[in-house]
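Walk through this structure with me, from the ligand shell to the sheet, then on to the domains and one residue in a strand.

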Amino acid sequence: MSRAIPIAELIHTRNTAPGPTDTARPRPVGSVYMGGFRAPALADVHLAIIGIGERSMSQIELLAQIPHADIVGLCDLNAEAATAAASQVEALCGTRPALFCGDADAYLRMLRELRPDAVMINTAWEQHASMAIAVMEHGAHALVEVPLATTLDGLWQVVDAAERTQRHCMMLENVNYGRDELMFLNMVRQGLIGELLHGEAAYIHELRHQMLAEHDWRSGHFAARNGNLYPTHGVGPIAQYMSIARGEDTFERIVSLGSPARGRELFARAELSDNHPLQGTRFDCADINTSIIRTRLGRTIMVQWDETSPRPYDRKNLIQGTRGTLAGFPTRMAGDFLGEATPVNPHPADGYNRDLHPWWCGAEAEAEMHARWDHPLYRRLGARAIALDKRGGMNYLLFARIIECLHRGEALDQNVYEGALWSAIAPLSEKSVHEGGMPQLFPDFTRGDWKHTTPLGIVP
Ligand SMILES: NC(=O)c1ccc[n+]([C@@H]2O[C@H](COP(=O)([O-])OP(=O)(O)OC[C@H]3O[C@@H](n4cnc5c(N)ncnc54)[C@H](O)[C@@H]3O)[C@@H](O)[C@H]2O)c1
């Protein structure tokens, strides 16, 4: 499906139980496992973008300044947005990308006529899977905004398409490139916090104002679905620390429960005009969802999601091991390893507090942490990333790594199976909520091959 689903149509699907939990599906003959996949190196990466909305407008300026990235095509229903973005690219790079606008299938023309090397998909959630499949079937690598798909069947179709066409399909989980997320990965890989036991992830971001957008496709999801609908920003880094689906461990099951759904309806009453289409809409989606994943090794991960309630932004980013705990929002650390590893004694002098392992935190501590443990990628590109990227550098680092890997013919940092597994939290949590919190098994999108897939190392 290449169009955003109108809200009324999405609401129509309400009250139908989400699809069954999918288990093993044999790999079709001729398809190839894509963990660790490397494509032939590209001198320059000819890049096209589908969907020039909020996300693209803030990213195009960054993309245009990445060595070996050549933006050749832009596609949107709306010619005005695409034209403005093309002018931005031209001003920065000196060449103007071709425009494909005006109808829902223009992106197919772009794929046929331009034959780009890679295509970024920045459209509504429910459009990602079909667009990613079309991109790969036209011979390009698919770079897909979060989530990879909204249903288990859609996720399997994306995985099957990547294996059939042997094209990269990476979900663009930018949070994995945050400075602290990279630093924690670096520390975990050095074994500083011991054996990993537990993680806490969240996407708590008050975004009710998105209901005011002219083309609001999100409210349909909030009305018709009830689960943890946007889990990947929180869970992506935790999954990478634990090498989920890459050699060490994988997600086994999930349980999920939601709070009452109140905030969206209240916001509509307070902020939208009396004749607004969302006025009087019943929103099924809990204001805050809490899910717990258990991994094959018996580790636990709490994943929370709330884009509705008036509370501070939080992604938790907590990883706990046998020797210590690292956490975000604010950045802090505790544990046995600190006493040995840092010259700053984090513990107050009295023995009582010492036993409680108080957090080591604050501006001074943070500066010391970064000096000691910043990830080598951040040390190499961080200054440029921060100078160009208003969101702390994570988007620049994401794009720079993708283009660098495609240019060198190296494996990308996130494979299609990781994107599928992280995205599967949404439909599985919906099913769990629907069944009163019953556990749901994760499909193994790798069909057992995760066991011999190399964990992501510390890229220099
Ligand atoms: N990683 C992040 O931090 C982050 C941040 C914001 C948004 N996102 C993701 O980015 C995606 C886009 O979000 P957004 O806020 O930019 O949405 P948006 O509504 O502002 O933009 C979507 C664009 O897609 C266009 N579009 C719709 N159908 C199309 C079609 N058939 N062909 C071409 N264009 C089409 C629309 O006209 C619109 O301009 C979402 O998946 C969202 O989850 C990610």
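Ala, Val, Leu, Ile, Met, Phe, Trp, Tyr, Cys and Pro count here as nonpolar, Asp, Glu, Lys and Arg as charged, and the others, Gly among them, as polar. With those classes, the shell around the ligand splits into eleven nonpolar, nine polar and five charged residues. Keep in mind that this is a predicted model.

Start at the ligand. It is surrounded by 25 residues. The closest are G51, G53, E54, R55 and E145. Three elements give two or more residues to this shell: α2 (54–63), β2 (69–76) and α4 (106–114).

Now take the sheet. It is open and has six strands. Their order is β3-β2-β1-β4-β5-β6, with parallel pairing. Which strands stand at the edges? They are β3 (98–101) and β6. Each has a single partner strand, so one side of each lacks a neighbour in the sheet. From one strand to the next, the twist averages 20°.

Look at the β6 end in detail. Strand β5, residues 141–144, runs parallel to β6 and is joined to it by three bridges. Within this region, V144 stands opposite M171 of β6.

Next, the domains. The domain assignment gives domain 1 as 40–172. Domain 2 is put together from 176–216, 224–258, 286–375 and 416–452. The C-alpha centres of the two domains lie 29 Å apart. Their contact takes 14 residues from domain 1 and twelve residues from domain 2. On the domain 1 side, the elements that give two or more residues are α6 (152–165) and β6 (169–171). The largest share of that side, five residues, comes from α6. What is the make-up of this side by class? Twelve of its residues are nonpolar, two are polar and none is charged.

Finish with V303. This residue lies in strand β10, which spans residues 300–306. Is V303 buried or exposed? The cut-off for buried is 20 or more other C-beta atoms within 10 Å. V303 has 26 such atoms within 10 Å, so V303 is buried. What does V303 touch, leaving out residues up to four places away in sequence? The contacts are A201, A202, N228, P231, G234, V235, S291, I293 and I425. V303 and Y203 are 100 residues apart in sequence. In space, their C-alpha atoms are 8.1 Å apart.

How values were computed. Residues are numbered from 1 along each chain as its sequence is written. This is a predicted model: local features need pLDDT of at least 70, side-chain atom pairs count only at pLDDT 80 or more; totals for chains, interfaces and linings use all residues. Helices (H or I, at least four residues) and strands (E, at least two) are DSSP runs, numbered from the N terminus. A residue is buried if 20 or more other C-beta atoms lie within 10 Å of its own, exposed if 12 or fewer, and partly exposed in between; C-beta atoms are placed from the backbone. Two residues are in contact if their C-beta atoms, placed from the backbone, lie within 7 Å. Domain bounds come from an automatic or database domain assignment. A residue is near a molecule or strand if its C-beta atom, placed from the backbone, lies within 6 Å of it. Two strands pair if DSSP finds at least two bridges between them. Axes are lines fitted to C-alpha atoms, for helices over the stretch in contact, and angles run from 0 to 180 degrees between N-to-C directions.
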